[in-house]
Amino acid sequence: MKQVVNIMKALGEENRFRIVMMLRERPLCVCEVCSALDISLSTVSTHLKQLTQAGILRSRKEGRWVVYSLADTPYVLKLVEQARNDVKDQKQLVRDVARVREVDPKTCAALLRKEQEDDIDGKGK
């Protein structure tokens with residue numbers, strides 16, 4: 001029961017829910033999620049950590065990037081599909097998927113560099 005409660009808690013925050021819905025489209029690295037949602041790297045990292053700890057996401061290292069995808073457990077996949085189907089107004093989810101499709105890896109790398117520079121300069125979001 002504790003696992004189910006943790007999954008529900010993790011999905012109960014809007015940005016985490018949006019991240020999970022974007023990951024239905026394809027695996028994403030942290031900066032791709034940042035670019036699609038237009039939120040800070042540190043915030044996205046925190047959300048991804050919570051989703052991973054809840055068992056909703058998996059991560060793998062690709063060079064210097066960490067790429068996240070939905071966990072392939074039947075329960076998680078079924079729950080995510082049911083949650084997606086239950087959303088009445090799906091306009092935001094459709095916009096998020098469109099933004100995921102537009103993310104350019106070069107822009108992604110530039111975003112990461114800018115975030116790191118802003119953190120060093122104390123200008124992070």
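1. Start at the surface. V4, M8 and Y75 together make a nonpolar surface patch of about 250 Å². Y75 sits in helix α5, which spans residues 74-86. Its relative accessibility is 37%, so Y75 counts as partly exposed. Keep in mind that this is a predicted model.

2. Now the overall build. The protein has 7 helices and 3 strands. Read from the N terminus, the elements run α-α-β-α-α-β-β-α-α-α. Of the 125 residues, 41% are buried. The protein exposes about 7,700 Å². Carbon and sulfur atoms supply 52% of that area.

3. Next, contacts along the chain. Take the contacts with a separation of 6 or more. Residues 24 or more positions apart account for 63% of them.

4. The sheet comes next. In what order do the 3 strands lie? The order is β1-β3-β2, in an open sheet with antiparallel pairing. The edge strands are β1 and β2, and each of these pairs on one side only. Strand β2 covers residues 57-62. Strand β3 covers residues 65-70 and is joined to β1 by 2 bridges. Look across from C29 and you find V67 in β3.

5. Charged side chains deserve a careful look. Side chains of opposite charge can pair when their charged atoms come close. How many salt bridges does a search of the whole structure find? The search finds 5. Three of them follow, in points 6 to 8.

6. R18 and D96 form a salt bridge, with their closest N and O atoms 2.7 Å apart. The pair links distant parts of the chain. R18 is in helix α2, while D96 is in helix α6, residues 91-102. They are 78 residues apart. Are these two residues buried or exposed? Both R18 and D96 are buried.

7. E81 and R24 also meet through their side chains in a salt bridge, at 2.7 Å from N to O. E81 lies in helix α5 and R24 in the loop between α2 and β1, so the pair ties together parts that are 57 residues apart in sequence. E81 has 35% relative accessibility, so E81 counts as partly exposed. R24 is partly exposed too, because its relative accessible area is 33%.

8. E32 and R26 form another salt bridge, and here the closest N and O atoms are 3.1 Å apart. How does each partner sit? E32 is buried, because its relative accessible area is 10%. R26 is partly exposed, because its relative accessibility is 29%.

9. Finally, check R16. This residue is in helix α2, residues 14-23. What is the nearest side chain of opposite charge to R16? That side chain is E13, 4.4 Å away. A salt bridge needs the nitrogen and the oxygen within 4 Å, so R16 has none with E13. R16 is nevertheless buried.

10. One more point on R16: its neighbours. Leave out residues up to four places away in sequence. Which residues does R16 then touch? They are K9, A10, H47, Q50 and L51. Find R16 in the structure and trace these contacts one by one. Then turn to R18, in helix α2 as well, and look at its salt bridge with D96.

Key
Residues are numbered from 1 along each chain as its sequence is written. This is a predicted model: local features need pLDDT of at least 70, side-chain atom pairs count only at pLDDT 80 or more; totals for chains, interfaces and linings use all residues. Side-chain values use heavy atoms; hydrogens and water are left out. Helices (H or I, at least four residues) and strands (E, at least two) are DSSP runs, numbered from the N terminus. Buried means under 20% relative accessible area, exposed over 50%, partly exposed in between (1.4 Å probe, protein chains only). Lys and Arg count as positive and Asp and Glu as negative; His and the chain ends are not counted. Contact means heavy atoms within 4.5 Å. Patches are made of residues with over 30% relative accessible area and no salt bridge: like charges are joined within 9 Å, nonpolar side chains (Val, Leu, Ile, Met, Phe, Trp, Tyr) within 5 Å. Accessible areas come from the Shrake-Rupley method with a 1.4 Å probe; for residues, only the protein chains shown count as cover. Two strands pair if DSSP finds at least two bridges between them.
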